[in-house]
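Here is a short report on one chain. It moves from the whole fold to one helix and two loop residues.

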Amino acid sequence: MGSELDCLNKHKENLYLVARTGALSPADISIFTDPVALAVITGLTEAIGGVIFDWVKDSIMSRQRERREKNELVRNILGYCRNADFFVGKKLGIPTIVDLKAAVEILRLCIGTFSTKPELKNEEKDEPIEFEHNLVCVGDIKNNPVTEYSFQQLIKELPYHFSRQNEEFLTLTDKSNKILLAPEYYPQQNIIVKDYAAITQVSSLVPNFRYLGRKMLIVSGTTPSGTLGAALAIKERDEVLNQIWAETKGRDFQAILSIDLEDKEPINMSLLEVKQL
């Protein structure tokens, strides 16, 4: 267990714990907020007090109308998220705002699915990630070091990988680093109109935790906008989860999506392929 866990622990200082869920009765969700960091991210000094906490709290009523069938589908695929650490990477001590939004969107899906009235706790402290937990890892290989480490460790298992072959964006490649999918980029206008992302579910990288059934969900795009688009697809596109379930039935998988962008915002998400691992 030592080597994998030691390598993961080296990245702890560059990770930001967004939330930790617990399947109690009622379920509890601890929202971890750094008031100074959040004020810097949003550019609003009055944001001190926890923007993330407000986002989650405001979502409870909207999640209560979720259809029973959708809830069952989410439980089948992402049931381990009821006991998980949700985290993003940090740059210069500050979590990346787009990845933060993506993590919150996935968290919003869990609210109402696993408990319609969870106990929300605002934790104004810098809590470390616990790698023995189930993990929801959000962000690409540039922004989240655990995403990069995980793809390196899973080079033989995963059909799609990310490459830094372009300064403006990442590309999706095969194991030999051959480009399979690249964003639709217009350099003169410096805009990307089509992005790609991978939703990857694997067992824990640490053998001892793997034997305990621990899972990790990695949500990553070729740009941060792609990461957000993948999170929104999980949360809002029933057809994405339906196809993932139909082709995997709870087994580990990698799903590839295309994301149409407008002003860096995802406007349409389409599932291209699902590979059972």
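Accessible areas come from the Shrake-Rupley method with a 1.4 Å probe; for residues, only the protein chains shown count as cover. On that basis the chain exposes about 12600 Å², with 47% supplied by carbon and sulfur atoms.

This is a predicted model, where local features need pLDDT of at least 70, side-chain atom pairs count only at pLDDT 80 or more, and totals for chains, interfaces and linings use all residues. Residues are numbered from 1 along each chain as its sequence is written, and side-chain values use heavy atoms, leaving out hydrogens and water.

The chain has nine helices and 14 strands (DSSP runs: helices are H or I, at least four residues; strands are E, at least two; numbered from the N terminus). Of its 277 residues, 56% count as buried (under 20% relative accessible area; exposed is over 50%, partly exposed in between; 1.4 Å probe, protein chains only).

Helix α9 spans residues 238–248, and D238, V240, L241, I244 and T248 are buried there. Seen down the axis of α9, these residues fall within an arc of 165°, so they line one face of the helix. The arc is that of the directions from the helix axis to the C-beta atoms. The buried residues pack against α4 (68–78), α8 (224–236), β13 (253–262) and β14 (265–276).

K249 follows α9. Most residues other than glycine have a negative phi. Two loop residues have a positive one:

| Residue | Phi | Loop | Relative accessibility |
|---|---|---|---|
| K249 | about 50° | between α9 and β13 | 48%, partly exposed |
| D263 | about 55° | between β13 and β14 | 71%, exposed |

Terms used:
Contact = heavy atoms within 4.5 Å.
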